[in-house]
Amino acid sequence: IHPAAILPGAVLACGVGGLTTFFLFIPDYARTHGLKSSGGLFLAYAAVSLIIRLFGAKLPERLGPRRAVSIALLSMAAGLVVFAVFPSVLGLWIGALLIGLGAAFNYPSLMALTVNNANDEDRASAISSFTMFFEIGSAGAGLTIGVLAQMVGKQYGFYGGVASCLLGLWLLRTKLVPRAVPEPAAAA
């Protein structure tokens, strides 16, 4: 595991924990709360994420990693809270849109931090180490948050994903990018 990937990867894994909660719980949860299928929710999530990545590709760079990833994690956490607090068709749609917003901002900035902190010879190793954390977050959340949901129910299991996102936010803001980096002065 390349050292440049450890902290960005840990934050990624936490965000993926929230995303995995959405992936795992929504199909059954949507049917329970008024939708015949969760396909439209996944389409809404993917469309928002794709549109932001296509038309706002430079936005994470302009915001900086601290702000962009904070928006990502808070948006995903908010979407999961909406699922838990407002178990309705409207709540499902709002939550899916918030998850899509978060997913759009999470990966690019963290990947950039990894690449920027590795030298040219080690970049491939750093990138492969970083992407491994996606699987760690997915498997870890599937197991731990899945057990939580079995104990308390899916509606409250969403809070496990919220906790994962908030842990990622804490890691981001205290360990990875502890303070905002000043923007470079614009060239005259």
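Among contacts between residues at least 6 apart in sequence, 79% join residues at least 24 apart. That figure, like everything below, is taken from a predicted model. The fold itself is easy to read: there are seven helices and zero strands, so to speak an α-α-α-α-α-α-α pattern along the sequence.

As for overall shape, a compact globule of 188 residues would have a radius of gyration near 16 Å, and the protein comes in at 17 Å, so the two agree. Taken along the principal axes, the C-alpha atoms fill a box of roughly 55 × 40 × 25 Å. Buried residues account for 45% of the 188 residues. On the outside, about 9400 Å² is exposed, and carbon and sulfur atoms supply 68% of that area. Charges are part of the picture too: the protein carries 12 positive and 7 negative ones, and the mean positions of these two sets lie 12 Å apart.

Turning to the inside, the largest nonpolar core holds 42 residues, and Phe22, Ile26 and Phe83 are the members that touch the most others. At least two residues of this core come from each of helix 1 (3-32), helix 2 (39-55), helix 4 (65-85), helix 5 (89-116), helix 6 (123-152) and helix 7 (154-176). Helix 1 is the biggest giver, with twelve residues. As a general backdrop, nonpolar side chains in soluble globular proteins tend to be buried together.

Phenylalanine 22 shows what such a core member meets. Setting aside neighbours within four places in sequence, Phe22 is in contact with Pro27, Leu41, Phe42, Tyr45, Leu80, Phe83, Ala96 and Ile99. Two of these partners, Leu41 and Phe42, are worth a look of their own.

Leucine 41 sits in helix 2. With a relative accessible area of 0%, Leu41 counts as buried, because the cut-off for that is under 20%. Beyond residues up to four places away in sequence, Leu41 touches Phe22, Ile26, Ala30, Leu35, Leu92, Trp93 and Ala96. Leucine 97 lies 56 residues from leucine 41 along the chain, yet their C-alpha atoms are separated by 8.1 Å.

Phenylalanine 42 also has its place in helix 2. Here the relative accessible area is 24%, so Phe42 is partly exposed. Leaving out neighbours within four places in sequence, the contacts of Phe42 are Phe22, Phe23, Ile26 and Pro27. Arginine 66, 24 residues from phenylalanine 42 along the chain, has its C-alpha atom 27 Å from that of Phe42.

Serine 49 is another resident of helix 2. Its relative accessible area is 10%, so Ser49 is buried. Apart from neighbours within four places in sequence, Ser49 is in contact with Gly100, Ala103 and Ala104. Those three positions fall within the span of helix 5 (89-116).

Further along the chain, leucine 148 belongs to helix 6. Leu148 is partly exposed, with a relative accessible area of 28%. Not counting residues up to four places away in sequence, Leu148 touches three glycines, namely Gly153, Gly157 and Gly160. The C-alpha atoms of leucine 148 and phenylalanine 158, ten residues apart along the chain, are separated by 9.2 Å.

Terms used. Residues are numbered from 1 along each chain as its sequence is written. This is a predicted model: local features need pLDDT of at least 70, side-chain atom pairs count only at pLDDT 80 or more; totals for chains, interfaces and linings use all residues. Side-chain values use heavy atoms; hydrogens and water are left out. A nonpolar core is a set of buried Ala, Val, Leu, Ile, Met, Phe, Trp, Tyr and Cys residues joined through side-chain atoms within 4.5 Å. Buried means under 20% relative accessible area, exposed over 50%, partly exposed in between (1.4 Å probe, protein chains only). Helices (H or I, at least four residues) and strands (E, at least two) are DSSP runs, numbered from the N terminus. Contact means heavy atoms within 4.5 Å. The radius of gyration is taken over C-alpha atoms; the globule rule is 2.2 Å times the number of residues to the power 0.38. Accessible areas come from the Shrake-Rupley method with a 1.4 Å probe; for residues, only the protein chains shown count as cover. Lys and Arg count as positive and Asp and Glu as negative; His and the chain ends are not counted. The place of a charge is taken as NZ of Lys, CZ of Arg, CG of Asp or CD of Glu.
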